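Colleague: I've got a model open and I'd like to learn how to read it. Could you walk me through it, one feature at a time?

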Amino acid sequence: KTSIQFLNEETGETVTATADVILGSDGAYSSVRGALQKTQYFNFSQYFLDHAYKELTLSPAADGSYQLPSNGLHIWPRENFMLIGLPNLDKSFTITLFMPVKMFESLQTKEDVRRFFSTYFPDALRLMPNVPDQVDTELVT
């Protein structure tokens, strides 16, 4: 058995967990991975996806209700990119556009964004007519 300690930085409380095996991960720049690299016999390789994402907002309807059914995940799959919609308690949706970096780089103007959504996600564009204002073209280049 092995154990690991967690510190709740808000309360200062330390909790110890014990198990036969403990695995940890915390993202692309993982401090867990960094610590493991300093141990003997640790084999490591890393590569980054050529995809990126941008979070957008689908506002509530004019009457304050959800614009889409709120009891599930909405996915608009296309070729090698997609939109994902998750409902929020305030009746909005967090919409995530996930696609290759090169496609983001092609969105140089608000008109490029409008044309892109008109071509690939016309139903989402009808729900989010302000999407060209949400995609900061300076951030995606």
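**Reading burial, charge and fold**

Modeller: Let's start with one residue: Asp112 has a relative accessibility of 17%, so Asp112 counts as buried. Keep in mind that this is a predicted model.

Colleague: Where does the line between buried and exposed fall?

Modeller: Buried means under 20% relative accessible area, exposed means over 50%, and partly exposed is in between. Over the whole protein chain, 24% of the 141 residues count as buried.

Colleague: What does Asp112 pair with in a salt bridge?

Modeller: The idea is to look for a side-chain nitrogen of Lys or Arg within 4 Å of a carboxyl oxygen of Asp or Glu. Here the partner is Arg115, with 3.2 Å from N to O. Both residues sit in helix H3, three residues apart, which is about one turn of the helix.

Colleague: And which other residue forms a salt bridge with Arg115, at 4.0 Å?

Modeller: That's Glu111, with 4.0 Å between the closest N and O atoms. Glu111 and Arg115 are four residues apart, again about one turn, and both belong to helix H3, residues 110-120. Arg115 has 43% relative accessibility, so it counts as partly exposed; Glu111, at 36%, is partly exposed too.

Colleague: How do I read pairs that share residues?

Modeller: Treat them as a network. In this model, salt bridges link Glu111, Asp112, Arg114 and Arg115. Arg114 is also found in helix H3, and its relative accessible area of 34% makes it partly exposed.

Colleague: What does Arg114 touch, apart from residues up to four places away in sequence?

Modeller: Leaving those out, Arg114 touches Leu125 and Pro132. For a distance check, take Asp90: it is 24 residues from Arg114 in sequence, and their C-alpha atoms are 26 Å apart.

Colleague: How many salt bridges does a search of the whole structure find?

Modeller: Five. One of the salt bridges pairs Asp20 with Lys1, at 3.5 Å from N to O. Asp20 is in the loop between strand S2 (14-19) and helix H1 (31-36), while Lys1 is in the segment before strand S1 (2-7), so the pair ties together parts that are 19 residues apart in sequence.

Colleague: Are those two side chains buried or exposed?

Modeller: Exposed: Asp20 has 59% relative accessibility, and Lys1 has 76%.

Colleague: What about charge over the whole chain?

Modeller: Count each sign, then compare where the two sets are centred. The protein chain has 11 positive and 17 negative side chains, and the two centres are 5 Å apart.

Colleague: Now the fold. In what order do the elements of the protein chain run?

Modeller: From the N terminus, the order is β-β-α-β-β-β-β-α-α-α-α. That gives five helices and six strands.

Colleague: How do I judge the overall shape?

Modeller: Set the radius of gyration against the globule rule. A compact globule of 141 residues would come out near 14 Å, but the protein chain has 21 Å. Along the principal axes, its C-alpha atoms fill a box of roughly 55 × 35 × 25 Å.

Colleague: And contacts and surface?

Modeller: For contacts, ask how far apart the partners are in sequence. Among contacts between residues at least 6 apart, 44% join residues at least 24 apart. As for surface, the protein chain exposes about 10000 Å², with carbon and sulfur atoms supplying 52% of it.

How values were computed. Residues are numbered from 1 along each chain as its sequence is written. This is a predicted model: local features need pLDDT of at least 70, side-chain atom pairs count only at pLDDT 80 or more; totals for chains, interfaces and linings use all residues. Side-chain values use heavy atoms; hydrogens and water are left out. Helices (H or I, at least four residues) and strands (E, at least two) are DSSP runs, numbered from the N terminus. The radius of gyration is taken over C-alpha atoms; the globule rule is 2.2 Å times the number of residues to the power 0.38. Buried means under 20% relative accessible area, exposed over 50%, partly exposed in between (1.4 Å probe, protein chains only). Contact means heavy atoms within 4.5 Å. Accessible areas come from the Shrake-Rupley method with a 1.4 Å probe; for residues, only the protein chains shown count as cover. Lys and Arg count as positive and Asp and Glu as negative; His and the chain ends are not counted. The place of a charge is taken as NZ of Lys, CZ of Arg, CG of Asp or CD of Glu.
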